[in-house]
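Student: I have a model open and would like to go through some of its labels with you. Could we take them one at a time?

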Amino acid sequence: MGRLNLPSCLTAMVLCAVACADPAAVRALLGDDPVRCSHYADEVVVYVRDLDLLRAAAGELTAEITLASDAREDTHTVNLAEPAQPPAIVMRKPTGAGYREATVSLQAGGTVVWTGGFELGPPIQPRTDLPLSGARSYIEPGMARTDAPAIDLPDMSALRTAALEPAERVMRVEDATVRVETEVNYPLVSANNNCAISLQTAHPDDPSRRSLYVPMKSQLFDAQTGRPTEVAHYLVEVPLDEAWLEGAGDLTVSLPPEAISVHTSAKTWPPGSASGTPILGNGSSGLGQLVGTVDVDERGRIYYSHTPPGVVRFDPHTAEYQVPPIDVDRHFAELLPSLDDIPDEHKQGELFLRWEGYKIIAIHRGRLFYAPIIQAVYQYADHTSFVFAGLLSMPVDLRPPRALRDDPAAFTAGLRFHAGSWPGCERSFFEGWAEPADRTRKLGRLYPREDGLYITAYQRDWGGPWRLQVDDEGNTVSFEVVDAVPRGPAGARRDSASGLAWWRDYGSVTMSRTHLDTILHGTSGGRPEGEIEVVYDAIAAMRLDPERYGTLLDALSGPSLAPAYMATPIPGHPDTVLGVAEYGYYLATFDLSRLDDGVITKRYLLRDLGETDLKLPLQVGLGPYGHTWWRDADGLSLYMGGYTGLTRLVWDAPDLAAGRNRMEPITPGIETDVLDDAGPGPIKRYRYMTPGLDGRLFLTGTHTAARAGTAYSGGLMSFVASDRAVLDKISFMSRCYWTTQLRSRIVHDAGRPPTQRLFLGGGRFDEGYAFMLEPELVPDSRDPRLFVYDYAAGGSPRSLFGLSLPPATDTGGYADHAFDRTRHYLVILHGTSLLSFDVAANRFTDGLTLTADGPIGIVEFERPDRRLLRAPDDRLLLYAAVGENPAEATFHEVSVDEDGTISVLPYLTLAAEDPSALARTLGVVCAFVPDLAHGDGSCDLFLGVPSRHPGSDARVIRDFIEPRR
């Protein structure tokens, strides 16, 4: 567009809301051409270059834009400090508005800092030569739209091609690799669902003395290489005291290190094997991590399933762990049906039979009942896995009494099979064979009662409940469906802390006096109100016996895990990343100021504990999947969505102690308000949080059909950050789909509030959800979708329509979408092809297919998952590797011309001497870290480590975004 010769007014490099500074400095910041203008048939776009730098420098930043024709003049005032406002200011043209020129004024702190004008000229004509397939997009109507657009789909086989090439700018992966180190590696609490209550090892014969047994784990490292070796699992015993029941009000008890016992084991499984696995496991899962996997017998012995031997027990009388003398799973595997029994239509590729790996347990009539919970068919391209549920049992003692390991034959003779899940079994939970889409055949819990063992289904309408009755030898007497599970005996002392205490934060256990009374005595005597917090230091307890705990103590300092679950720069903090490295979700800062020494310094955030000096790490409280920073009158916070909920980190606030932070959970306290006709749709994973107008945060979520998800477990959600009281939810239009990436743009209308248009990806149709839905409600098309919504400031979110995308090809289907620079076009990544979509005209405009001398892998960065990566300077990038075992990968810049033409240009190549080193850059969390110290607009790119292969090795690409000033 032609520039009008209008004067400009410039202020200082550091813009502030209070006063202007040196005009020469602001000239360096704004440059000669800070604003661009694009004129389309239906909208005008004004683009403010380097808006991230301007926002960081100016407390208040606004743009005043006047669009004029011979007949009318419309002025838009836009708050550029609004978090939801991108650098592209999109202004819708009213019908008949033949705008001829635009005048733009930028103001910082109320002072005009730049003014410019543009001759608009004829509207840009988007491309019309895209090859079409002859098919049209399937349109799913939303709650606010009846005039479905007609959208022609492109012919994916006839798109232009573009060869991927390496960039001229090359960096060696080895040169970018830096070790993460810390002064202290805190242990992790490894069980969110179960914490056993039993006798104290110091007083095992006194039933009035009780302890909580908190499962914990520590990552071990090779001190020389910094590489993680295995995860050590153990129990930390927190003794409880009757004296804490006295008095009233809140009470904080600090236990001395000598009061804490740490129970480890050097035993391996199978016994005597040179390459055996520790009996408590050495992976990321923990003791009792899953529901129903812990129980306690009458002698106070604690049983854990989901361990390498299948089941392990801890005996407080001896402070030792014991395991069965045989492989229980292998013994019972002989009872599984044969492949000949399974219908041929379920068989595909190589075939496997096994018990489901997740087993629930319960003690009943002197036996341990052991139940794999799922029957399902998992079909893959080259193989099919058939998994089965069942109910088995084993003796917990032999007669005469002796340790189980002393008599394998007697133990084996005491094993019993009670019920299976397949047709032809004498006693079966389910009828018929599971269909491949059927994930509903799942057991829930085991409930011992006086008249039998009751078994529930995971969801009530999936079958049961069933009752099993056995004789004194464990033989099945009856197995039948009953109406309900009777209540347990009143006043029984609890052997699980679930619902009574909060133990999931390392170093503390919290409970009310009433619940402590229930733990100690079985019933409450009406204790005064008041919360008891017990704080302790397991590290200090281990340091009392360095010879016994030497391996764990050696792992406390030195190498530490790099971020694998979250990474984000901290506003206003140079050279610093906030990240989550451990599967336990501690928050820590990662200081990049010592990169020249090859070191990143890790420091855990510490909980705000009030008066105590005890240093305890701060946990997220959920598995993080997405996040966004938010500043309001209360200070700076990080809102986070993840596995099982929403929360926020209070980063700075007037009431925080120095050097301390706190987490404030948002769910389950927030109330869900369903805005459309959707049925119940619980969310397990809250994802893709993005700022919205009116102080809203928008997000989406997913669940799983086999874990109580429904066809409506997805869609668009939002809440107001300032009160966090109501979560609006729209999910009928997106039913049966896993909703994923969420992108938005802001559209300004003259004389009306701005509108946020949101585009939500629906990459996968879930057959498991469709299986559960009424047939008339199942969508006719199963192709990937984009779902479109809007939110007008001051109004309510609405669903507009969903459009189907082209079906998957040999290179894949829908993978991601993101806006171009102008926000006029949506870039859609489809397999190894890129499409541009005119969102104002609802029309595909261009497409190209990427080619290379080998298979192309477009890398997905995790949490939030995305393949199209938005840099701070607003450029759009994708990271691609070529070949089966590549040793290099290249970041490519994806750009869209004003007419919708897509281009892909190499930006930077990472090359490795060993392909395994390059693999450490694939599928990781990442963060762009601004160089605030120099203030030149440059950014380092921080790359974490793969979550399934953690390590202390991070990578930092210095000046990935080169200086802009």
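Student: Why is R823 called buried or exposed, whichever applies?

Tutor: Happy to start there, and keep in mind that this is a predicted model. R823 has a relative accessible area of 6%. Buried means under 20%, so R823 is buried.

Student: What makes the phi of R823 worth a remark?

Tutor: Phi of R823 is near 65 degrees, a positive value in a residue other than glycine. R823 sits in the loop between β59 (814-819) and β60 (825-830).

Student: Which residue meets R823 in a salt bridge, and how do you know that the label fits?

Tutor: The partner is D874, with 2.8 Å from N to O between the side chains. The cut-off is 4 Å between a side-chain nitrogen of Lys or Arg and a carboxyl oxygen of Asp or Glu, so D874 and R823 form a salt bridge. The pair links distant parts of the chain, 51 residues apart, with D874 in the loop between β64 and β65 (876-882). D874 has 8% relative accessibility, so D874 counts as buried too.

Student: What makes R92 and D749 a salt bridge?

Tutor: Their closest N and O atoms are 2.5 Å apart, and the limit is 4 Å, so the pair qualifies. R92 lies in strand β6 (residues 88-92) and D749 in the loop between β55 (737-748) and β56 (755-765), so this bridge ties together parts that are 657 residues apart in sequence.

Student: Why do R92 and D749 get the accessibility labels they have?

Tutor: R92 is at 31%, which falls between 20% and 50%, so R92 counts as partly exposed. D749 is at 14%, under 20%, so D749 counts as buried.

Student: How do you know whether D175 is buried or exposed?

Tutor: D175 has a relative accessible area of 58%. Exposed means over 50%, so D175 is exposed. The side chain of D175 meets that of R172 in a salt bridge at 2.7 Å, N to O.

Student: What makes the link between E43 and R745 a polar contact?

Tutor: The side chains of E43 and R745 come to 3.0 Å, and the limit for such a pair of N or O atoms is 3.5 Å, so the name fits. E43 lies in strand β3 (residues 43-48) and is buried, with a relative accessible area of 2%.

Student: How many salt bridges does the structure hold?

Tutor: There are 48 salt bridges. R49, D50, D52 and R964 are linked in a network of them.

Technical notes
Residues numbered from 1 in each chain as written. Predicted model: local features only at pLDDT ≥ 70, side-chain atom pairs only at ≥ 80, totals over all residues. Heavy atoms only, no water. Helix = DSSP H or I, 4+ residues; strand = E, 2+ residues; numbered from the N terminus. Buried < 20%, exposed > 50% of the residue type's maximum accessible area, 1.4 Å probe, protein only. Polar contact = N/O pair within 3.5 Å; in protein donor to acceptor, adjacent residues only side chain to side chain.
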